[in-house]
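Here are some exercises to work through with the model open beside you. Try each task before reading its solution.

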Amino acid sequence: DFAEIQAYTIGGVLLIIVINIILKAVMKILVRFERPHSKSEYAVSLSGKLFIVQLINTGLILLLVNGNLSSMGVDNGLLDGLLFGGDYEDFNSQWYISIGSSLVLTMIINMLTPLYSPVGNCVTRGLKRAKDSAKCCLCCCQDKQFSKQLTQSEYENLWSGGDFELPARYGALEMVYWVTLMYGSGLPILYVLA
């Protein structure tokens with residue numbers, strides 16, 4: 001039973017993270033469809049949209065799905081128990097143990113995810129550069145003067161850094177801030193993490 005509960009908790013956290021990644025890609029497409037006149041308009045529009053959808057996905061859906069309105073006269077919740085049909089009538093210790101722990105784990109992953117992009121980008125680009133300068137295999141036969149790139153622009157692209165996605169980072173930062181304000185009074189560890 002314990003393993004099953006932990007699997008559901010981790011599965012729920014991973015589902016939230018995957019949905020946030022999908023929402024990020026969809027919001028980028030929608031903002032490009034708006035045809036902003038400048039990069040600043042693009043950044044403002046994308047960060048605002050990402051903040052709203054990630055806040056709904058991370059903070060509000062937990063409340064809507066796991067809340068219970070039976071003390072207010074709604075017995076089965078709304079929409080046949082899909083909304084407010086959970087097991088917890090109030091924010092009590094049991095709610096914080098089961099739902100709060102998954103929320104803290106989600107917030108930890110959300111705070112570490114923006115760090116992966118620059119670090120992962122650095123590692124993958126370093127491996128590509130090592131592969132490019134190797135004549136026979138990746139670990140040996142390295143030659144600093146040798147490159148498999150045919151044009152100067154291909155060579156420069158190999159050595160240039162990746163995009164710094166400031167709007168996506170700002171939207172995620174705003175989401176972390178507001179989820180911390182929503183649930184921090186009962187989960188003070190969120191203040192420390194944020």
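A helix here is a DSSP run of H or I at least four residues long, and helices are numbered from the N terminus. That is how a loop gets its place between two numbered helices. Keep in mind that this is a predicted model.

**Exercise 1. Get the overall layout: how many helices and strands are there in the chain?**

Start by counting elements: the chain has six helices and zero strands. Reading along the sequence then gives α-α-α-α-α-α. Next, look at burial: 29% of the 194 residues count as buried. Finally, check the contacts with a separation of 6 or more: residues 24 or more positions apart account for 56% of them.

**Exercise 2. Find arginine 35 and work out whether it is buried or exposed.**

First, place it: arginine 35 sits in the loop between α1 and α2. Now take its relative accessible area, which is 67%. Exposed means over 50%, so arginine 35 is exposed at 67%. While you're there, look at the backbone: arginine 35 isn't a glycine, yet it has a positive phi of about 55°.

**Exercise 3. Describe how α1 packs on α2: at roughly what angle do their axes cross?**

Take the geometry first. Helix α1 covers residues 2–34 and helix α2 residues 39–66; their axes come within 9 Å and cross at roughly 150°. Angles over 145 degrees count as roughly antiparallel, so that's the label for α1 against α2. As for handedness, α1 passes α2 in a right-handed crossing.

Then see who makes the contact. From α1 the residues include Ile16, Asn20, Leu23 and Val31, and from α2 they include Leu46, Leu50, Val53 and Thr58. Sorted by class, you get nine nonpolar, five polar and five charged residues.

**Exercise 4. Do the same for α2 and α5: which classes of residue make up the contact?**

Geometry again: the axes of α2 and α5 come within 8 Å and cross at roughly 35°. This crossing is right-handed. On the α2 side, the contact includes Leu46, Leu50, Phe51 and Thr58, while α5 brings residues including Ala168, Met175, Trp178 and Val179. The tally is 17 nonpolar, five polar and one charged residues.

**Exercise 5. Track down threonine 58: which residues does it contact, beyond its neighbours within four places in sequence?**

Threonine 58 belongs to helix α2. Its relative accessibility is 0%, and therefore it counts as buried. Leaving out neighbours within four places in sequence, threonine 58 contacts Ile16, Asn20, Leu103, Thr106, Met107, Asn110, Met175 and Val179. You've met threonine 58 already, in the α1 contact and in the α5 contact.

**Exercise 6. Map the largest nonpolar core: which helix gives the most residues to it?**

In soluble globular proteins, nonpolar side chains tend to be buried together. In this model the largest nonpolar core has 16 residues, and Leu103, Met107, Met175, Val179, Tyr183, Leu187 and Leu190 touch the most other members. Now sort by helix: α2, α3 (93–133) and α5 (166–183) each supply at least two residues. The winner is α3, with six residues.

Zoom in on leucine 190. Beyond its neighbours within four places in sequence, leucine 190 is in contact with Leu103, Val104, Met107, Val179, Thr180, Tyr183 and Gly184. Apart from the largest core lies another one of six residues, including Val31, Leu46, Leu50 and Ala168.

How values were computed:
Residues are numbered from 1 along each chain as its sequence is written. This is a predicted model: local features need pLDDT of at least 70, side-chain atom pairs count only at pLDDT 80 or more; totals for chains, interfaces and linings use all residues. Side-chain values use heavy atoms; hydrogens and water are left out. Axes are lines fitted to C-alpha atoms, for helices over the stretch in contact, and angles run from 0 to 180 degrees between N-to-C directions. Angles under 35 degrees count as roughly parallel, over 145 as roughly antiparallel, 65 to 115 as roughly perpendicular and the rest as oblique. A crossing is left-handed if the near helix is turned anticlockwise from the far one by less than a right angle, and right-handed if clockwise. Contact means heavy atoms within 4.5 Å. Ala, Val, Leu, Ile, Met, Phe, Trp, Tyr, Cys and Pro count as nonpolar, Asp, Glu, Lys and Arg as charged, and the others, Gly among them, as polar. A nonpolar core is a set of buried Ala, Val, Leu, Ile, Met, Phe, Trp, Tyr and Cys residues joined through side-chain atoms within 4.5 Å. Buried means under 20% relative accessible area, exposed over 50%, partly exposed in between (1.4 Å probe, protein chains only).
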